[in-house]
Every structure is written in C-alpha cells, then in structure tokens.
Amino acid sequence: RTVYVNGEYLPEEDAKISIFDRGFLMADAVYEVTSVLDGKLIDFEGHAVRLKRSLDELDMAEPCSKDELLEIHRKLVEENGIVEGLVYLQVTRGSDGDRDFVFPSDDTPPSIVLFTQNKPGLADSPAAKKGAKIISIEDIRWGRRDIKTVQLLYPSMGKMMAKKAGCDDAWLVEDGHVTEGTSNNAYFVKDGVIVTRPLSNDILHGITRKAVLRMAAEAQLKIEERLFTIEEAQGADEAFTTSASAFVMPVVEIDGVALGDGTPGPIATRLREIYLDESLKAAI
Ligand code: PLP
C-alpha cells in the first residue's frame with residue numbers, strides 16, 4: 001500500500017514519523033476519515049471544511065491547501081485501487097525534536113499523514129441489515145468534542161465494553177442525556193419525529209449528521225434537535241447512528257431493550273438509502 005507522509009508518497013513500510021512528534025506523545029493531532037464509494041470521495045468538501053475548523057480551534061497550521069489535499073486523496077485512492085473504502089488523514093503539531101508541554105515555535109511544520117483502507121462491501125453492509133446493539137456508558141471525555149482530535153482512548157474502551165457485553169457499540173451519557181456514540185452521532189425516531197442532540201462543544205459536528213438532517217428535511221421528515229435520555233430512546237419506534245464510515249446505521253437494541261420489532265426501522269433504512277444514493281451522485 002502506498003501512503004503519504006509529509007510531501008512524499010511511499011510504500012507503507014518506508015513511512016517514518018519522529019518519536020518526538022506531538023501526535024504520538026500528546027495526541028496533539030486532528031484527523032478526518034473520508035469514505036470512498038465507486039472509487040470516488042464522499043463529501044470531501046465537508047471534511048476539508050471541518051479539518052480547517054479543527055486546526056483553527058487548536059492554533060495549528062494548515063499543512064497544505066484544500067486543492068493539494070484533494071489531489072493527495074485522489075492519488076492514494078487510485079494508486080491503491082480503492083473502489084470501496086476509506087481515506088484516513090491526520091495532521092499533528094509536529095515536533096521541534098524534544099518533549100515539552102509548551103507548543104513548539106510557530107515555524108515548526110505540522111506533520112501530515114494519509115493512508116487508505118480497502119473495505120469491500122462498505123455500502124452493502126451486512127451489519128446495517130442486522131442493525132446495531134448498543135450499550136450506554138458514562139461520557140467522561142474532555143469538553144471540546146467538537147474538535148476532531150485523535151484522543152480516542154475512551155471511545156476505544158467504550159467499543160471494547162460493548163464487545164464484552166455482546167453488543168456492537170456504546171452511546172455516551174452525560175448528566176443523564178445521550179451525547180453521541182463512540183464514533184457516530186445518535187438519533188431515535190418516535191411517532192415519525194427524528195430526535196438528535198443539538199450541536200455544541202459536547203459532540204462532534206458530524207459531516208454525515210449535517211447531510212442526513214438536510215436529506216430528512218427534504219423528505220418532509222420532522223426533526224427535533226434536543227437533549228434526550230437513554231430511557232426515551234429505549235421507548236422509541238426506532239433509532240440509528242450516522243458517521244462518514246458507516247453512513248446511516250440502524251440501532252435495534254439499547255441496554256438490552258429491543259426497539260420496535262428488533263429489526264432495522266423503516267426511517268433509518270430509508271435514510272440510509274437516500275444518503276448512499278445522493279452522496280454517491282455528489283461524490284468527486
Ligand atoms: N461523533 C464522534 C465522536 C465521531 O468520532 C464521529 C466520526 O468519527 C462522528 C460523531 C460522526 O461524524 P462524521 O459523520 O463526520 O463521520
């Protein structure tokens with residue numbers, strides 16, 4: 001597999017990053033994951049805009065222009081023959097060759113790394129046909145979840161807790177209300193109304209969330225952006241999550257309580273179809 005590191009395309013075994021890189025030492029880094037369907041990038045523009053916002057919020061320099069970023073994405077997809085899969089992008093604050101809590105000087109270049117992951121069957125996913133079983137866990141992450149940093153230890157632990165419980169994923173709960181999933185935004189549907197938490201620093205501003213809410217509104221579905229509890233979601237007709245890498249994922253069980261008849265609900269299923277269809281048409 002060919003990867004991209006700081007201006008160079010290299011075989012993955014030749015790629016090198018300093019052990020002093022702040023991404024490695026301090027999780028001082030942001031990332032994006034862009035899906036590839038039919039060899040094309042899904043919502044590249046949305047990811048590029050959010051990356052810029054994450055960098056700005058952390059006073060981190062842009063490693064290259066948006067056009068260069070697009071070119072790197074496309075070249076890796078082509079070189080690695082990705083038809084269905086992902087492009088992972090990470091930008092770190094780099095390093096001045098030492099470990100220090102204080103940021104290095106402004107002229108320290110950021111590090112940028114991109115690689116692809118081949119995922120045949122990403123769109124026609126068996127997991128989406130089955131639907132996800134969710135556990136709830138306390139949200140103990142930091143207070144700037146709107147910035148897409150690589151501080152993913154707690155979300156990883158959440159996935160492991162779900163796996164141990166025989167489930168697929170975890171929803172995070174803070175002050176009695178669901179914030180989001182470990183790596184996705186969370187929704188339930190009751191009496192035809194889609195409910196999801198409003199945007200704030202408490203959750204990641206999902207690219208897929210934005211697109212799916214727009215498509216839901218265009219399909220005349222009602223949307224309420226408000227706080228909700230696990231109990232309310234358990235009493236829903238259906239539920240789902242959204243993310244760039246799993247699109248719209250139906251949820252069929254929350255903390256052992258089956259939703260509806262325990263199979264993917266009609267609105268989640270329809271939104272997945274609409275999202276895949278429209279995103280693919282707009283892919284570049
Ligand atoms: N929330 C969290 C915590 C995430 O990690 C992600 C995706 O990685 C999302 C939500 C969904 O965001 P997007 O739709 O942009 O992938």
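**Exercise 1.** Determine how strand β5 is joined to strand β6, and place the pair in its sheet.

*Solution.* Step 1. Strand β5 covers residues 85-92 and strand β6 covers residues 111-118; eight bridges join the two, which run antiparallel. Helices (H or I, at least four residues) and strands (E, at least two) are DSSP runs, numbered from the N terminus. Two strands pair if DSSP finds at least two bridges between them. The model is predicted: local features need pLDDT of at least 70, side-chain atom pairs count only at pLDDT 80 or more, and totals for chains, interfaces and linings use all residues. Residues are numbered from 1 along each chain as its sequence is written.

Step 2. Within this pairing, Val 91 stands opposite Ile 112 in β6.

Step 3. An open sheet of six strands has the order β2-β1-β6-β5-β3-β4, with antiparallel pairing. Its edge strands, β2 (8-11) and β4 (40-41), each pair on one side only.

**Exercise 2.** Identify the strands that pair with β10 (185-190), and state whether β10 is enclosed or open.

*Solution.* Step 1. With β13, β10 forms five bridges in the antiparallel sense. Val 189 has Glu 238 of β13 as its bridge partner.

Step 2. Four bridges join β10 to strand β11 (residues 193-196), and these two also run antiparallel. Here Tyr 187 has Thr 196 of β11 as its bridge partner. The hairpin of β10 and β11 has two residues between the strands, and Asp 191 takes a positive phi near 50 degrees.

Step 3. Five of the six residues of β10 are buried, so this strand is largely enclosed by the rest of the structure. A residue is buried if 20 or more other C-beta atoms lie within 10 Å of its own, exposed if 12 or fewer, and partly exposed in between, with C-beta atoms placed from the backbone.

**Exercise 3.** Follow the chain from β11 to β12 and describe the unit that results.

*Solution.* Step 1. Strand β12 (residues 222-225) pairs with β11 in the parallel sense over four bridges. Val 193 stands opposite Lys 222 in β12.

Step 2. Together with α6, the two strands make a right-handed β-α-β unit. A crossover is right-handed if, with the strands pointing away from the viewer, the path from the first strand over the helix to the second runs clockwise.

**Exercise 4.** Describe the surroundings of Thr 182.

*Solution.* Step 1. Thr 182 is found in the loop between β9 (177-181) and β10.

Step 2. Thr 182 is buried, because 24 other C-beta atoms lie within 10 Å.

Step 3. Leaving aside neighbours within four places in sequence, Thr 182 is in contact (C-beta atoms, placed from the backbone, within 7 Å) with residues including Pro 155, Lys 159 and Asp 169. The C-alpha atoms of Thr 182 and Trp 171, 11 residues apart along the chain, are separated by 6.3 Å.

**Exercise 5.** Characterise the shell around the ligand.

*Solution.* Step 1. Among the residues around the ligand are Glu 180, Asn 185, Thr 208, Arg 209 and Ser 243. A residue is near a molecule if its C-beta atom, placed from the backbone, lies within 6 Å of it.

Step 2. The elements that give two or more residues to the shell are α6 (207-218) and β13 (238-243). The largest share, three residues, comes from α6.

Step 3. The shell divides into three nonpolar, seven polar and two charged residues. Ala, Val, Leu, Ile, Met, Phe, Trp, Tyr, Cys and Pro count as nonpolar, Asp, Glu, Lys and Arg as charged, and the others, Gly among them, as polar.

Methods
Two residues are in contact if their C-beta atoms, placed from the backbone, lie within 7 Å.
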